[in-house]
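Colleague: Before I use these labels, I want to see the reasons behind them. Can we go through them one at a time?

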Amino acid sequence: MQAVRIIIQMAILCLFYEIGRWCTSFFHLPIPGSIIGMLLLFLLLSTRVLNERLLLDGSGFYLRHFSFFFLPLSVSAIVLGPYFIKYGWKLVIVLIVSGVIGFLATSVSAEGFIKWEEKRKYDRSN
């Protein structure tokens with residue numbers, strides 16, 4: 001019974017991915033469909049239209065087997081070794097810069113959200 005529940009939850013997560021892909025192709029958006037699907041899922045979870053317990057086991061399965069999904073990427077990296085030797089320094093610079101930008105954007109937005117939430121919570125004048 002639990003296996004069926006996990007499969008259904010994984011299918012729901014895949015449905016969000018497919019909806020995002022459809023939105024991207026239908027509206028000709030420059031954003032990947034997976035991002036649109038995640039934003040839609042986030043919107044439904046944050047507005048409590050969708051309960052997080054509904055997807056808990058399926059998402060846990062994906063997280064437990066996360067490394068398996070990157071196996072093709074690892075094999076490709078081994079095959080493309082000469083390109084990494086030639087252009088690897090550029091790749092390292094891009095990875096470092098994008099990592100720092102992502103870290104800064106996440107930390108600034110999280111800090112702003114926390115301040116906004118505290119202000120909203122403790123401001124009794126409204």
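What follows is a short exchange on how the labels were assigned.

Modeller: Ground rules. This is a predicted model, so local features need pLDDT of at least 70 and side-chain atom pairs count only at pLDDT 80 or more, while totals for chains, interfaces and linings use all residues. Residues are numbered from 1 along each chain as its sequence is written, and side-chain values use heavy atoms, with hydrogens and water left out.

Colleague: Why is Gln-9 called buried?

Modeller: Its relative accessible area is 4%. Buried means under 20%, exposed over 50%, partly exposed in between (1.4 Å probe, protein chains only). Therefore Gln-9 counts as buried.

Colleague: And Thr-24, buried or exposed?

Modeller: Buried, because its value is 15%, under the 20% limit. Lys-86 is the opposite case: at 56% it is exposed, because the bar is over 50%.

Colleague: Which helices hold Thr-24 and Lys-86?

Modeller: Thr-24 lies in helix 1, residues 2-27. Gln-9 is in helix 1 too. Lys-86 lies in helix 6, residues 81-122. Helices are DSSP runs of H or I, at least four residues, numbered from the N terminus.

Colleague: What makes the approach of Gln-9 to Gly-58 a polar contact?

Modeller: A polar atom of the Gln-9 side chain lies 2.5 Å from the backbone nitrogen of Gly-58. The rule asks for N or O atoms within 3.5 Å, one able to donate a hydrogen and the other to accept it; residues adjacent in sequence count only if both atoms are side-chain atoms. The Thr-24 side chain reaches the backbone oxygen of Ile-31 at 3.1 Å, so that pair is within the limit as well.

Colleague: What else does Thr-24 touch?

Modeller: Beyond four places in sequence, its contacts (heavy atoms within 4.5 Å) include Leu-29, Pro-32 and Ile-36. For Gln-9, they include Arg-53, Leu-54 and Asp-57.

Colleague: Why is the Phe-26 and Phe-27 pair called edge-to-face?

Modeller: A pair of aromatic rings is described by the distance of the centres and the angle of the planes. Rings of Phe, Tyr and Trp (its six-membered ring) pair if their centres lie within 6.5 Å; planes under 30 degrees apart are stacked, over 60 edge-to-face, the rest tilted. Phe-26 and Phe-27 stand 4.9 Å centre to centre, with 85° between the planes. So edge-to-face it is.

Colleague: Which residues form the aromatic cluster with Phe-26 and Phe-27?

Modeller: Trp-22 joins them in one cluster. Both Phe-26 and Phe-27 are exposed.

Terms used. Helices (H or I, at least four residues) and strands (E, at least two) are DSSP runs, numbered from the N terminus.
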